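Visitor: I would like a close look at a single part of this structure, taken slowly and with its surroundings in view.

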Amino acid sequence: MTTIIDVARRAGVSPVTVSRVMNRAPNVNPETRAKVEQAIAELGYLPSTVARSLRSKRTRSLALLLPDITNTFWTTVARGVEDTAQTFGYAVFVCNTDEDCQKQQRYLELAVSQRADGVLIAPCHNDAAALRVLRERGVPTVTVDRRIEGWDVDAVLGDSTGGARALVQHLIALGHRRIAVISGPATTSTAEDRVTGYREALVQAGMPVDDNLIRRGQFKAGAGEALARSLLAAGNCPSAIFAANNAIALGVIDAILAGGRRIPQDVALVAFDDFADASHLFPFLTVAVQPAYEMGCAAARLLLERLAGAGPVQPAHIVLPCRLIVRHSCGSRLRTGGETLSLPLMVEGSKVEGSKVAGLNVDA
């Protein structure tokens with residue numbers, strides 16, 4: 001088995017110099033660095049990650065805990081985290097919690113036992129007690145897309161309240177007066193932020209808030225379908241529904257179609273988060289889009305700054321703006337009148353009149 005001593009002999013340097021090259025020390029002579037790298041390549045040397053972590057007390061690994069890695073929003077967040085971490089020589093292991101606090105706890109304990117240098121997490125509950133193991137062990141932590149209460153920790157968020165407000169304002173501008181919202185659990189900050197944005201839009205328009213039109217469940221298609229069915233079965237059903245994420249929206253679509261209704265002719269629909277590339281193939285759903293990739297990059301950079309001792313003194317709370325994309329499902333009409341718009345509105349550089357809605361960029 002090749003050792004660091006073998007590499008040093010081949011390159012004609014000391015083992016300390018080989019170690020400095022592998023650890024990317026800045027003040028190594030370029031010629032020396034080249035000789036060491038050549039020796040490593042020729043001998044096929046692979047350093048012991050266990051030994052290195054014991055010496056440095058770092059594993060150069062990060063844990064990323066997400067609610068649902070089948071959702072394209074979270075997949076894109078993960079890609080942003082991984083791309084940024086890889087740039088700085090860190091590996092990322094991704095854990096899918098399924099919005100299950102017990103499963104989340106097992107993964108947190110695993111991250112601690114495997115000595116992950118830091119944790120990025122979209123917590124399934126807004127109570128900081130669920131992250132006690134990280135706080136007690138002093139593990140650098142960044143929450144992604146969701147806040148927690150009881151622990152002031154670094155966070156990178158999307159503007160859930162502003163995005164929800166913009167979507168509902170758009171429905172109101174189209175003439176809707178009976179608008180429902182289907183959101184996630186009340187114990188998740190994003191779910192409540194989106195209900196808050198919904199309420200704010202109605203109040204600002206001088207419209208009453210009907211609690212019967214506010215439904216909470218899970219950020220899953222099955223929950224969206226069940227809650228939409230109950231809404232549509234009730235008397236005086238809504239003329240428009242705001243789904244608090246894309247998974248809920250899929251369930252709402254199934255419920256509306258199963259009931260023999262049409263979108264948007266009978267029930268308009270808007271949602272938070274897009275469907276990535278699918279939206280270009282069939283531009284249907286009006287959405288408020290969070291910059292998922294940038295959110296992942298920002299969260300990873302913030303955590304890496306903490307690990308390098310270069311972050312801000314106080315916990316940072318970064319809020320990224322959303323973007324409103326108007327498509328077919330809300331019932332918007334072409335300016336010249338005629339058929340309901342069914343072509344993609346994401347045209348680079350094109351803006352609708354009044355290009356700012358609740359602080360959001362509106363693409364048309």
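Visitor: Against which elements do the buried residues of α10 pack?

Guide: In this predicted model, the buried residues of α10 pack against β6 (179-183), β7 (214-216) and α11 (246-258). Helix α10 itself covers residues 221-233, and its 13 residues reach 18 Å from the first C-alpha to the last, close to the 18 Å expected at 1.5 Å a residue. The residues of α10 that are buried are Ala223, Gly224, Leu227, Ala228, Leu231 and Leu232. Viewed down the axis of α10, these buried residues fall within an arc of 155 degrees, so they line one face of the helix. On the face of α10 turned away from that buried side, Gly222 and Ala233 are exposed.

The contacts of Val252 bring α10 into a wider setting. Leaving aside its neighbours within four places in sequence, Val252 is in contact with Gly224, Glu225 and Ala228, and also with Ile182, Ile241, Ala243 and Leu269. Val252 belongs to the largest nonpolar core, which has 50 residues, and is among those with the most contacts inside it, together with Val168, Ile182, Tyr198, Phe242 and Leu269. The largest share of this core, six residues, comes from α11, one of the elements against which the buried residues of α10 pack. Apart from this core lies another, of 26 residues, which includes Tyr90, Val142, Val144 and Leu320.

Definitions and conventions:
Residues numbered from 1 in each chain as written. Predicted model: local features only at pLDDT ≥ 70, side-chain atom pairs only at ≥ 80, totals over all residues. Heavy atoms only, no water. Helix = DSSP H or I, 4+ residues; strand = E, 2+ residues; numbered from the N terminus. Expected span 1.5 Å × (residues − 1). Buried < 20%, exposed > 50% of the residue type's maximum accessible area, 1.4 Å probe, protein only. Arc of directions from axis to C-beta. Contact = heavy atoms within 4.5 Å. Core = buried A, V, L, I, M, F, W, Y, C linked by side-chain atoms within 4.5 Å.
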